[in-house]
Structure formats: C-alpha cells, structure tokens
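Please open the structure in your viewer and keep the selection panel at hand. The stops below go from the whole chain to a single pocket.

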Amino acid sequence: MSAPASEREATGVFSPGRARILARTLRVDRWWLSPLLTTLGLATFIVYATVRAFVRSAYWVEEYHYLTPFYSPCLSESCVPGSSHFGTPFPELPMWIPLNFLILPLLLGFRVTCYYYRKAYYRSIWLSPPACAVAEPHGRYTGETRLPLIIQNAHRYFFYAAVIISLINTYDAILAFHGEGGGFGFGLGNVILVVNVTLLWAYTLSCHSCRHVTGGRLKHFSAHPIRYWIWTQVSKLNTRHMQFAWITLGTLMLTDFYVMLVASNTISDLRFVG
Ligand code: FES
C-alpha cells in the first residue's frame, strides 16, 4: 500500500501543482486486471523455461533430428549424441549449469530489455505506474539513468545476438527435415519448428533497434531508397511487436513441449514423408 500523501516526497503525482488526491485512484473499473494477466503470463513462461532448462532430458529426437530451441545450440559434452550441431567445445557441465548456458543470458537480456516487455513489467510488476490514473507506490523516480536499469540501454547489442540466435534456430529447423532411415523427412514437428522460427524472426525483426539499424540516422530517405524500403517493412512489422512478443512466448513453450513429448515417446510424431 502506498504511503499517505502527506508523508511522500513532493515528486511525481505528489508534485506541487498536481491535484491533492489522497486516494490512490478514483477509478472504479477493473484496472488491475491487465497488470495481473501480464504478470501471470510472464511468470508462466519463466517457470516453464527454468524447469525445462534444468531437466536435461527429452530435448532431442534422434530419428527426426528435432531439437528444442531451449537447448540450442548444445555445445557441451553433456549433450546427447547428435544434438550438438556446432560441436562440443565445452566439457561436461554440472547439473546446475543449463546446457545452453551461453545463449540463455543473451536471450534473457534481449527479452528483458525489449521496449515492449519493459512497458509490461514496469507497469505490472513494479507498478510504475500500474495503470492510467493510478498512482504508483514508489516515492521517487530515477528512470533508466542508474544501475540496474541503465543496462536497458544495451538492448541494441542483445538485438545483434538475437539475430545470430535466430539464424541458429533456422539452421536447426532446416536440419530437422530428416527421415527416420536418413534422407528427407517431414512431419508435424517440422511444421511446429518452422512456424516457431518464422515467428521468432518476426519478433526479432520487428524490434525497435532493428528499425533504428535499418533506417536510423538517415538525413534523406530519398538518397537511400533500399534502406528506406527495408525500414518501411520493419516499421510495418514493428506495429505488431507486442503481439509477436506474446505469441513467441507461447510458440516457444509449445515447440519445446511437442519435442519433449516426442522425445520421451509419450506421443509419436505425425509423419507426412519419411
Ligand atoms: Fe522488443 Fe527490441 S525486442 S524492442
């Protein structure tokens, strides 16, 4: 609960000149529903991804070469044979280190510093502010000017890493067109992997940093028609960035879950070819 207005610093909604309203909000609608759903959605993904990152089983389907994105790239000698598409430069890892330890911080950094996710967790988890016309409980506001939030400014570097990770996921999806006896094969798992990686590209390329990389710092668009065209396409994608942010959380979990079910022989992959 927020402190009474009289005890608060004269900043933010308690600044001189603002209306002196003691109630935290005068809204009577269910303004808390959106922050609550956002928190539940993010928490579901974090719990699922954390559990899956540490279980170290059912992440590779040897017959069809399906590899879950949660374990890609698998670069350690602890990885099951066949799942390491880029070799095993790292030795066996203790159980408390996830097998994709190299990529995990980059992926996490990309999502955590994403402009959309910032809006989501600033509002829903830090309540800063939780909704329009609802005062935040914090007494001071320092923005992204000091640690740890100043790290948000590194988002563009996480974007470069995310492009490389999307390329790796694309490579995994191509290798997965593998039949049981070798050669070409195609099943429901391929559809899921390809849809997942396509949506990951949509999320990555709709990033605000991508927009800046493609069309930022140009004084005259007319002098750079190709960059202008790319920037225009990225800008169209960018209007859907929030949707891609949520959809890819869902498709990542769905893809991993499907690979887990097939890899653990809980279900059989629906095969169309091979
Ligand atoms: Fe969301 Fe870059 S990934 S703004």
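Begin with the surface of the whole chain: in this predicted model, the accessible surface comes to about 15500 Å², and carbon and sulfur atoms account for 68% of that area. If you then colour by burial, 41% of the 274 residues in the chain count as buried. Reduce the display to C-alpha atoms and align the view with the principal axes, along which these atoms fill a box of roughly 75 × 50 × 35 Å.

Switch next to a cartoon, where the chain shows 8 helices and 4 strands, arranged along the sequence in the pattern α-β-β-α-α-α-β-α-α-α-α-β. Should you draw the contacts in the chain with a separation of 6 or more, 66% of them join residues that lie 24 or more positions apart.

Now move to the largest pocket, which holds about 720 Å³ of space. Select F45, A49, L107, L108 and R111, since these are the residues of the lining that lie nearest its centre, and then extend the selection to the full lining of 31 residues.

Which helices each supply at least two residues of that lining? Highlight α1 (33-55), α2 (104-112), α3 (115-124), α4 (155-175), α5 (188-205) and α8 (241-263), each of which does so; among the contributions to the lining, the largest share, 9 residues, comes from α1.

As a last step, colour the lining of the largest pocket by residue class, which divides its residues into 24 nonpolar, 6 polar and 1 charged.

Methods. Residues numbered from 1 in each chain as written. Predicted model: local features only at pLDDT ≥ 70, side-chain atom pairs only at ≥ 80, totals over all residues. Heavy atoms only, no water. 1 Å grid on protein atoms, 1.4 Å probe; cavity = no way out; pocket = protein on both sides within 12 Å on 5 of 7 lines; lining within 4 Å. Points joined across faces, edges and corners; volume = space filled by probe spheres on them. Nonpolar A, V, L, I, M, F, W, Y, C, P; charged D, E, K, R; others polar. Buried < 20%, exposed > 50% of the residue type's maximum accessible area, 1.4 Å probe, protein only. Contact = heavy atoms within 4.5 Å. Areas by Shrake-Rupley, 256 points an atom, 1.4 Å probe, with all protein chains shown as cover.
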